[in-house]
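Please look over the sequence and the model below before reading on. The report that follows deals with a run of paired strands, a ligand site and a few unusual backbone angles.

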Amino acid sequence: MELMDNTYKIQGIDVLDITKKYDTPLYVYDGEKIKSQYERLYNAFNVEDLKLHYACKALSNINILKLMKSLGAGLDAVSISEVKMGLKAGFEPEDIIYTPNCVSVGELEAAVKLGVKMNIDDIEALEYMGMNHPQIPLCIRINPHLMAGGNENISVGHIDSKFGISIHQLPLILRIVKTLNIKIEGVHMHTGSDILDVEVFNMAADILFQVADNFEDITYIDFGSGFKVKYKSNDYETPIESFGKSFSKKFNDYCKKRGKTIRLMFEPGKFLVSESGHFFVRTNLIKQTTSTIFAGVDSGFNHLLRPMFYEAHHEIVNVSNPNGNERIYTIVGYICETDTFGYNRRLSEVKENDILCFKNAGAYCFMMSSNYNSRKRPAEVLIYNGKDYLIRERESFEDLLRNQVEQEISF
Ligand SMILES: *Cc1c(COP(=O)(O)O)cnc(C)c1O
């Protein structure tokens with residue numbers, strides 16, 4: 001979104017026209033930004049075989065999946081429904097890697113039937129697959145126990161983490177693989193989101209290469225994700241170009257050592273879609289208390305949970321008044337619980353009915369929305385090639401009742 005001729009625009013379209021057309025609250029995604037982030041990441045590496053699997057839990061609208069497919073991405077799916085969504089969007093089964101955690105055998109079986117790549121997260125599942133589907137090649141998710149990720153909730157590699165098979169269990173993995181004659185085609189790790197130091201990837205690579213050394217049939221090594229984008233102007237951002245350059249060298253050296261081309265894989269979610277997203281809300285009320293000026297908006301943590309759940313910072317812009325005098329506001333939602341989007345923010349003077357925009361609203365934003373307080377979830381719009389497309393309808397009152405069963409119970 002950029003300020004041009006006193007109006008905020010996405011791909012040349014006035015954002016106020018969009019909110020007028022589709023109403024608020026509204027998620028709007030800039031497809032060109034997704035494309036440029038994909039290309040930026042892809043071009044950062046210089047290896048013979050690279051595949052980026054989009055971690056679709058970040059934003060799984062089917063149109064976004066189709067856009068990713070058109071760019072050449074594969075898919076990282078963490079649930080059987082994400083697998084099905086990917087297939088529906090046209091991904092080939094072999095371009096989907098299924099990375100479940102603590103799922104039932106029934107869900108593993110369903111994924112096997114759909115023919116996607118299986119990324120195994122625990123010893124029991126490894127044994128199960130080896131006993132019941134010895135012909136299916138597997139990927140193993142290793143937990144290298146590197147402390148990484150911006151926040152306890154999104155750091156998944158530490159010693160107490162539930163994710164992956166501990167690197168310390170490698171002897172057990174090898175015993176099972178050998179005894180059951182399992183073909184291991186890939187090794188994987190994902191240590192968390194918002195990794196603040198790319199050194200983590202280098203350390204993890206040394207560990208994963210050692211693991212991969214044990215497997216003759218290895219065809220890919222998947223380093224997960226955790227690439228960080230800026231949420232504030234002075235934030236750290238993964239220096240993707242310099243990282244790509246040094247990491248490619250490391251990876252190419254390993255391929256040379258093994259005497260074959262191995263596919264380098266990553267699974268970015270946030271890096272690809274975070275900055276594409278804009279969440280637009282309307283100001284219902286300016287409420288001045290003794291100490292604070294509140295701007296109350298037509299949304300809450302039912303639509304955007306990250307500020308409350310992760311203490312995430314999302315920049316907020318008053319797009320209705322681009323050049324007004326700044327005042328200090330605390331922006332809150334309409335949920336009957338504390339749902340503060342931002343404390344003490346300097347915004348261009350806000351009046352009732354002004355439209356505010358939350359930035360970085362592409363990853364883990366709509367996806368974490370709920371119907372709490374019996375509120376409807378927002379619509380979603382994708383802007384692509386200078387055109388706006390409605391990609392999800394706003395929910396209706398009927399949607400709130402859709403799966404409820406009104407029984408004839410004599411209360
Ligand atoms: C969530 C997740 C990702 C994506 O992480 P980002 O920080 O959004 O890039 C990648 N791989 C796996 C297995 C995940 O669970």
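In what follows, a residue is called buried if its relative accessible area is under 20%, exposed if it is over 50%, and partly exposed in between, with a 1.4 Å probe and protein chains only. Helices (H or I, at least four residues) and strands (E, at least two) are DSSP runs, numbered from the N terminus.

This is a predicted model, in which local features need pLDDT of at least 70 and side-chain atom pairs count only at pLDDT 80 or more, while totals for chains, interfaces and linings use all residues. Residues are numbered from 1 along each chain as its sequence is written, and side-chain values use heavy atoms, with hydrogens and water left out.

**Strands S8 and S9**

Strand S8, residues 117-120, is covered on both faces: Lys117 and Asn119 lie on one side, Met118 and Ile120 lie on the other, and all of them are buried. Strand S9, residues 138-143, is likewise mostly covered, with 6 of its 6 residues buried. Leu138, Ile140 and Ile142 point one way from S9, whereas Cys139, Arg141 and Asn143 point the other way.

In general, strands of a sheet pair through backbone hydrogen bonds, either parallel or antiparallel. Here two strands are said to pair if DSSP finds at least two bridges between them. The pairings around S8 and S9 are listed below.

| Strands | Sense | Bridges | Residues standing opposite |
|---|---|---|---|
| S7 (residues 96-98) and S8 | parallel | 2 bridges | Ile97 and Lys117 |
| S8 and S9 (residues 138-143) | parallel | 3 bridges | Asn119 and Cys139 |
| S9 and S11 (residues 184-188) | parallel | 4 bridges | Cys139 and Gly186 |
| S9 and S10 (residues 165-166) | parallel | 2 bridges | Asn143 and Ser166 |

Which helices connect these strands, and in which hand? Helix H5, residues 105-114, forms a right-handed β-α-β unit together with S7 and S8, and helix H6, residues 123-132, does so with S8 and S9. A crossover is right-handed if, with the strands pointing away from the viewer, the path from the first strand over the helix to the second runs clockwise.

**The N-terminal strands**

An open sheet of 3 strands has the order S1-S2-S3, and its pairing is antiparallel. Its edge strands are S1 (2-4) and S3 (13-14), each of which pairs on one side only. S1 is joined to S2, residues 7-10, over 3 bridges in the antiparallel sense, and Leu3 has Tyr8 in S2 as its bridge partner.

**The ligand site**

A residue is counted as near the ligand if one of its heavy atoms lies within 4 Å of it. Of the 14 residues around the ligand, those that come nearest are Lys57, Ser193, Ser225, Glu267 and Tyr364. The shell divides into 4 nonpolar, 6 polar and 4 charged residues, where Ala, Val, Leu, Ile, Met, Phe, Trp, Tyr, Cys and Pro count as nonpolar, Asp, Glu, Lys and Arg as charged, and the others, Gly among them, as polar.

A polar contact is a pair of N or O atoms within 3.5 Å; within protein, one must be able to donate a hydrogen and the other to accept it, and residues adjacent in sequence count only if both atoms are side-chain atoms. From its side chain, Glu267 places a polar atom 2.5 Å from a nitrogen atom of the ligand. From the backbone, an N or O atom of Gly269 lies 2.9 Å from an oxygen atom of the ligand, and a polar backbone atom of Lys270 is 2.8 Å from an oxygen atom of the ligand. The protein covers 95% of the 390 Å² of accessible area that the ligand has on its own, as computed by the Shrake-Rupley method with a 1.4 Å probe.

**Unusual backbone geometry**

Most residues other than glycine have a negative phi, and most peptide bonds are trans. Tyr364, although not a glycine, has a positive phi of about 60 degrees; it is found in the loop between strand S19 (355-358) and strand S20 (379-384), and at 11% relative accessibility Tyr364 counts as buried. Asn344, in strand S18 (residues 340-348), also has a positive phi, near 50 degrees, but Asn344 is exposed, with a relative accessible area of 58%. A cis peptide bond joins Thr24 and Pro25, with omega about -10 degrees, and Pro25 is found in the loop between helix H1 (15-22) and strand S4 (26-30).
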